[in-house]
Every structure is written in structure tokens, then in C-alpha cells.
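Here are some exercises to work through with the model open in your viewer. Try each task before you read the solution under it.

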Amino acid sequence: MLLAVVFGAVIGLALGLLGAGGSILAVPALVYGVGQPLQMAIPTSLAVVALSSSGALLPRERRSAVRWPVALVFGAAGIPAAFGGAALGKLFPQRWLLLAFAALMVIVAVRMLRGGENHTGACRTQQGGINWRTCLPKSVLAGASVGVLTGLFGVGGGFIIVPALSLLLGLGAQQAVATSLVVVSINSGAGLAAHAGSIATIDYRVLLLFAGTSLVVSIVAARLSARPNSSTVRRWFAFVVLAVAVFVAVAAVVNPSALG
């Protein structure tokens, strides 16, 4: 149970500061740290991340930074995709899915590390708005991709949403983090519904410890984020993603039986 508290604190910190990264930490923590089978870890992770991401939105300055039209477009696209991802995940061995997941995390992290300091966004207008005529299909595709990953792996998808919001739509660091938290909440709720058949297997003692710690830490971290500049947020997030990617890949190869 102590491990659940420790991992919950780490996940809450990631969500509070970065608006992402919580669920890619939650699933490995539950499987390899707490010892849950993957079928139990996925809905538990989604419940924890849904609560933590909502908590990270409580500070008024964080809520005011949300770009609600963007969040709703991404979230709406992700809901049906989460159900499709859950169905798709039953067709493939979890070991290979997790290896593909780790490779995707490496690609995202490297792109963030190599990115320039200023991202105007491929969809930004000269007036600073968003050209929805050209970018709505891209936003729907990105949101649906995140939804599929939510259904497949039990992740909120913030590790894709944050760079997509920055690189595609040109949102600043704080706007991207705040908007990502809304999308993560929506996706996590949809993913939890998609895995409704596994909810009965959840260990609610672990869930309460995990979610309670994560929720409190995410609220505190959101209030103490101290408005970091975009390059700092991007670098730290990229390093977190890389570290988790290595761990997931190695664990999937060395100990696939732990996946359940």
C-alpha cells in the first residue's frame, strides 16, 4: 500500500505540473509496483487519472487558461475512439502493444526535445486565432488517435495532447497544459466506460490510496507550478516520457508474465 501512495504522489505531480504523463506512469506502477494484472490496472489507472486531472484544474488561473473549443473537439473525437481502442486491444498480445507504446513515447519525447523555442502552430492565423477550416480534420484525427490509445493502454493521452496543442495549434505552455487536462479527464472517463466489464475487478483500497494521494498532490502542484517557461516544461516532460518508455519496453521484454 505504501507503493500506491508513492506512485500516486508522482503521478499527481506529473499531472499538476505538466498536464500529462500521469497515466503512462500509472499503468506500469500498478502492474510492476503494486502487482496488479493488466486487466485490473487499466481501469484503475483511468479512474486515478480522471480524478487527478480534474483536481489539477481546480486553481482559477489554470481553468482560465483552458481553450474550451479545442478541448471539446479533442475530447469529442476521443470518446468513440476509446471504445474502438478497447475492442482492438483484445485482438493483440499486450506485450507487443506495450512495446509499440514505448516506441511512440520515444518519438514524442525526441520531437519535443528537438523543437524550437517558439511554436507559432501550423493552424494559427495571423491574428492569433485558430483556422478551424483547415485544422478541424487534424484536430479530430489527433483526438481520435488519443482515444484509441486510451482504450488500448488505459492512458489519458496527455503525452500526445500537449505537443499536439503546441505544435499544431500554437498554444502556449500554460494553455496547452490546462487544455490537456480537460481532454485527459474526458478521455479517461470514456476509457473507463469502455472497460466497464473490468471495473468489478478493481481493488478499491489501492484505488482510494492511489487516487487520493494523486488528487491532493496534483492540486498542490498546479498551484505551485510557478509559471515555468515552455522550454522548461517541454524538456522535463520529454525526460519523463523517455524514462518511462525505457522502463515499459524493458519490463515488457523481461517480465511479460506480469501483464496478466
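**Exercise 1. Get the overall picture: how much surface does the chain expose, and which atoms supply it?**

Solution. Start with the area: the chain exposes about 11200 Å². Carbon and sulfur atoms supply 69% of that. Keep in mind that this is a predicted model. Next, look at burial: of the 260 residues in the chain, 52% are buried. Then count the secondary structure, which comes to 11 helices and zero strands. Finally, check the contacts: taking pairs at least 6 apart in sequence, 85% join residues at least 24 apart.

**Exercise 2. Find the nonpolar patch on the surface. Which residues form it, and which helix gives the largest share?**

Solution. First, pick out the members: Leu2, Val5, Val6, Val10 and Leu209. Together they have about 390 Å² of accessible area. Now sort them by element: helix H1 (residues 2-18) brings the largest share, with four residues. Take Leu2 as a sample, since its place is in H1. Its relative accessible area is 66%, and the cut-off for exposed is over 50%, so Leu2 counts as exposed.

**Exercise 3. Check the geometry of H10. What span should it have, and how far apart are its end C-alpha atoms?**

Solution. H10 has 20 residues, and at 1.5 Å a residue they should span 28 Å. The end C-alpha atoms are 28 Å apart, so the two values agree. Now go to the N-terminal end, where Asp203 acts as the cap: one of its side-chain oxygens lies 3.1 Å from the backbone nitrogen of Arg205.

**Exercise 4. Stay with H10. Is Thr213 buried or exposed, and what does it touch?**

Solution. Thr213 sits in H10, which covers residues 204-223. Its relative accessibility is 17% and the limit for buried is under 20%, so Thr213 is buried. Others on the buried list for H10 include Val206, Phe210, Ser214 and Ala221. For contacts, set aside neighbours within four places in sequence; Thr213 then touches Val5, Gly8 and Ala9. Val5 is also one of the patch residues from Exercise 2.

**Exercise 5. Look at H7. How does its reach compare with the expected value, and what follows the helix?**

Solution. H7 runs over residues 132-153, 22 residues in total. From first C-alpha to last it reaches 30 Å, close to the expected 32 Å. Among its buried residues are Cys135, Ser139, Ala142, Val146, Gly147 and Thr150. One bit of background helps when you read such a list: an α-helix has 3.6 residues a turn, so residues three or four places apart point the same way. Past the end of the helix comes Gly154, with a positive phi near 75°.

**Exercise 6. Compare two residues of H9. How accessible are Asn187 and Ala190, and which residues do they contact?**

Solution. Asn187 lies in H9, and so does Ala190, with the helix covering residues 173-194. Relative accessible area is 0% for Asn187, so it is buried. Ala190 comes out at 8%, so it counts as buried too.

Now the contacts, again without residues up to four places away. Asn187 touches Gly75, Gly78, Val146, Gly147, Thr150, Gly156 and Ile161. Val146, Gly147 and Thr150 are on the buried list of H7. Ala190 is in contact with Ile79, Ala82 and Phe83. As a last step, take the C-alpha atoms of Ala190 and Ala76: the residues are 114 apart along the chain, yet these atoms are separated by 9.8 Å.

Key: Residues numbered from 1 in each chain as written. Predicted model: local features only at pLDDT ≥ 70, side-chain atom pairs only at ≥ 80, totals over all residues. Heavy atoms only, no water. Helix = DSSP H or I, 4+ residues; strand = E, 2+ residues; numbered from the N terminus. Expected span 1.5 Å × (residues − 1). Buried < 20%, exposed > 50% of the residue type's maximum accessible area, 1.4 Å probe, protein only. Contact = heavy atoms within 4.5 Å. Patch = residues over 30% accessible without salt bridge, like charges linked within 9 Å, V, L, I, M, F, W, Y side chains within 5 Å. Areas by Shrake-Rupley, 256 points an atom, 1.4 Å probe, with all protein chains shown as cover. Salt bridge = Lys/Arg side-chain N within 4 Å of Asp/Glu carboxyl O. Polar contact = N/O pair within 3.5 Å; in protein donor to acceptor, adjacent residues only side chain to side chain.
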